[in-house]
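Colleague: Please take a close look at the salt bridges in this model for me. I would then like to hear what else you notice while you are looking around.

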Amino acid sequence: MTAGHSRPAPAGHSRPAALDRLATTRVDSRFKGLPPDAEGLTVAELAGQRRNLFTGGFTTPVLALSAEALEHNLALMETYTERHGLDFAPHGKTSMAPQLFHQQLERGAWGITLAVPHQVRVARAFGVPRVFLANELVDAAALRWLAAELAADPDFAFVCYVDSVRGVELMDAALSEAAEALPGGPSSARRVDVVVELGAGEGARTGARTEAECAAVADAVAATGTLRLVGVAGYEGEVPEADPERVLAWLRRLTALLVDFDAAGRFTAAGADDIIVSAGGSAWFDAVATAFAEIGELSAPVRKVLRSGAYVSHDDGHYKHLTPFNRVPDEGALHPAFRLWAQVVSRPSAEQAFVNAGKRDAAYDLDLPKAQAVRDARTGEVRGADGIAVSGLSDQHGWVRTDPGADLEVGDWLGLGLSHPCTSFDKWQLIPVVTADGTVTDYVRTFF
């Protein structure tokens, strides 16, 4: 076997019927921003009308997802991960949109990463065949469901973190009890694949803090009949005072742990078909690619699983500044895909205006929205938002500061760039997908 070999994901990804059923959802008042006269139409019928976002009856505020930027971002990360020999399991908690999950799978993703049991259930309801849970799972009810799901579908692949002996004990107890309740009894139960999580440092998030603690967790896994050790993982985004050198140093600790576990025969003893090493948020995946490329030949093929998720929509703030493509511009650039359109509802002074979008509509946990464009209410022309800035958000209002002479009137639409995709998707249940000329071609449903 070649060093660092990564076998391709199974071919023949098919579109599940549950995904097609989303298009039969009836449009009603649950969905913000959609045209009132579309009430009662199915999503497919409304999409088929190919309405214009600005003249087709949409009400403000309305969030738009650029069709062109979305396609560009999907293609770019497909190419990037292929070039660097990485298996891609983008983090689905970013969008919680099964339609996007399947677009990612169709573009070569190995699986979908998720964070909590509810998200796994959503993914399974929409036919996602492989899930990487980037968390330790110790909820007994969720483990009972997982045991039943694994027993019912031999093609379902699942991997999750373990980071403590106590967590392993809780998992083993719950899975052992769940096995007794399976229709086929304990003999029908499948072991749950786990990876030991190495923490990124003192004061960081989850994960065992030392290699010795990781070894103790691995020993605990080996002592069970319900779990199977298949690798190691972690999240470099939590490295304290992160910079390229510190991040790369921690990633090399992670890969060294992998090599040490393999040398000790841990994966062979577990009967692992593949050995998994996983890391990768959206800020340091270039360092992940570098560190994972250094892994030599091990006792089984190595799956180098990257989990970056924010790329799918990218943003105009936090990730615009943090993306590794700023450091490696020759590899391409992600495009921000979101724009929130709000309407000016008050212009009480020459220095102040208010739009009808606030915290209920726009991400604000990392940065305020950025004024980017104005659509003139009189002419329909779109111009730049010179001299216009969002200064604050209330629940349903955006506070806008304007320079003297800034061209902004009541009734104009203000286009806002957003920061942090994860808290943009979760405020909208049905998001129009819009081409550059304003045509709405599809709608993305989210499940938060």
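Modeller: Happy to! I count a salt bridge when a side-chain nitrogen of Lys or Arg is within 4 Å of a carboxyl oxygen of Asp or Glu. The model is predicted, so local features need pLDDT of at least 70 and side-chain atom pairs count only at pLDDT 80 or more, while totals for chains, interfaces and linings use all residues. Numbering starts from 1 along each chain as its sequence is written, and side-chain values use heavy atoms, with hydrogens and water left out.

Searching the whole structure gives 25 salt bridges. The background is simple: side chains of opposite charge can pair when their charged atoms come close. Let me walk you through three cases.

Start with R30 and D28, whose closest N and O atoms are 2.9 Å apart in a salt bridge. For accessibility I call a residue buried under 20% relative accessible area, exposed over 50% and partly exposed in between (1.4 Å probe, protein chains only). By that scale R30 is partly exposed at 40%, and D28, with 22%, is partly exposed too.

A second salt bridge links D37 to R51, at 2.7 Å from N to O. D37 sits in the loop between α1 (17-22) and α2 (43-49), and R51 in the loop between α2 and β1 (62-66), so this pair ties together parts that are 14 residues apart in sequence. When I name helices (H or I, at least four residues) and strands (E, at least two), these are DSSP runs numbered from the N terminus. The two ends of this pair have opposite settings: D37 is exposed, with a relative accessibility of 57%, whereas R51 is buried at 13%.

The third case is D376 with R383, where the salt bridge has an N to O distance of 3.0 Å. Here the Asp, D376, is buried at 14%, and R383 is partly exposed at 23%. This salt bridge belongs to a network, since shared partners join D376, R383, D407 and D412.

One more Arg for orientation: R121 is part of helix α5 (residues 117-125) and is exposed, with 53% relative accessible area. Its C-alpha atom is 30 Å from that of G48, and 73 residues separate R121 from G48 along the chain.

Now for the surroundings, beginning with the sheet. I say that two strands pair if DSSP finds at least two bridges between them. On that basis eight strands form an open sheet, ordered β2-β9-β8-β7-β6-β5-β4-β3, with parallel pairing. The edges are β2 (87-88) and β3 (112-114); each has a single partner strand, so one side of each is left without a neighbour in the sheet. At the β2 edge, β2 runs parallel to strand β9 (residues 302-306), with two bridges between them, and D87 has V305 of β9 as its bridge partner.

Within this sheet, strand β7 (residues 227-233) is worth a pause. Seven of its seven residues are buried, so β7 is mostly covered. β7 pairs in parallel with strand β6 (residues 192-197) over six bridges, and with strand β8 (residues 275-279), again in parallel, over three bridges. A233 is a handy residue to click on in your viewer: in β7, A233 is the bridge partner of E197, and A233 also has S278 of β8 as a bridge partner.

Finally, a few backbone details to check in the loops. The peptide bond from T60 to P61 is cis, with omega near -5 degrees, and P61 is in the loop between α2 and β1. That is the loop that also holds R51 of the second salt bridge.

M96 is not a glycine, yet its phi is positive, at about 45 degrees. M96 lies in the loop between β2 and α4 (98-106) and is buried, with a relative accessibility of 0%. H420, likewise not a glycine, has a positive phi of about 80 degrees. You will find H420 in the loop between β16 (413-417) and α13 (422-425), where H420 counts as buried at 12%.
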